[in-house]
Amino acid sequence: DWDGHNSRNHPMFGACAKHLVTTFAGICLNGPGPVRISPALVPGLNRLKCEVRETRGRVRVAYAREGETLRFSLYSDREAEFIRNGERIRFTGSLEI
């Protein structure tokens, strides 16, 4: 008996969360290879924080836009690749840009 008050674990809610993680945060867990991080920068979205935990560890993406300045704070327990403006940066652990 679902009346909307007891559960939020339904595909309609999961699809929204997946879109936020894969599009806005740009986190792509590519199987055994490196995590690919390529956030979509949307006008009007000036701050974002997202963390995914999986069996191989955590991946965290955060960014903040202040005027013309855009700062990224990234973290991955396993090898990751940050892609921005065609440039690819590989890292493990923390990356501040």
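**Entry 1. The β5-β6 hairpin**

I started at the hairpin of β5 and β6, where 2 residues lie between the strands and Asn85 takes a positive phi near 55 degrees. The model is predicted, and I read every value below as computed from it. I then looked up the pairing: β5 and strand β6, residues 87-96, run antiparallel over 9 bridges. For Ser73, I found Glu96 as the bridge partner in β6.

**Entry 2. The β4-β5 hairpin**

Next I went to the hairpin of β4 and β5. It has 2 residues between the strands, and Gly67 takes a positive phi near 65 degrees there. Strand β4 covers residues 57-66 and pairs with β5 in the antiparallel sense over 8 bridges. I checked Glu66 and noted Thr69 in β5 as its bridge partner.

**Entry 3. β2 against β5**

I also looked up strand β2, residues 35-37. Its pairing with β5 is parallel, over 3 bridges. Opposite Ile37 I found Phe82 of β5.

**Entry 4. Ser76**

Which strand holds Ser76? I placed Ser76 in β5, which spans residues 69-84. Is Ser76 buried or exposed? Its relative accessible area is 1%, and buried means under 20%, so I wrote Ser76 down as buried.

I then asked what lies around Ser76. Setting aside neighbours within four places in sequence, I listed its contacts as Val35, Arg58, Val59, Phe91, Thr92 and Gly93. Val35 falls in β2, residues 35-37. Arg58 and Val59 fall in β4, residues 57-66. Phe91, Thr92 and Gly93 fall in β6, residues 87-96. I also noted a polar atom of the Ser76 side chain 2.6 Å from the backbone oxygen of Arg78.

**Entry 5. Aromatic rings**

How many aromatic pairs does a search of the whole structure find? I recorded 2. One of them is Tyr63 with Phe72, at 5.7 Å centre to centre and 55 degrees between the planes. I logged this pair as tilted because 55 degrees is neither under 30, as stacked requires, nor over 60, as edge-to-face requires.

I looked up the accessibility of both residues. Tyr63 has 3% relative accessibility and counts as buried. Phe72 has 4% and also counts as buried, since the cut-off for buried is under 20%.

Last, I checked the grouping of the rings: Tyr63, Phe72 and Phe82 form one aromatic cluster. Phe82 is the residue I had already noted opposite Ile37.

How values were computed: Residues numbered from 1 in each chain as written. Predicted model: local features only at pLDDT ≥ 70, side-chain atom pairs only at ≥ 80, totals over all residues. Heavy atoms only, no water. Phe/Tyr/Trp six-rings, centres within 6.5 Å; stacked < 30°, edge-to-face > 60°. Buried < 20%, exposed > 50% of the residue type's maximum accessible area, 1.4 Å probe, protein only. Helix = DSSP H or I, 4+ residues; strand = E, 2+ residues; numbered from the N terminus. Polar contact = N/O pair within 3.5 Å; in protein donor to acceptor, adjacent residues only side chain to side chain. Contact = heavy atoms within 4.5 Å. Pairing = 2+ DSSP bridges.
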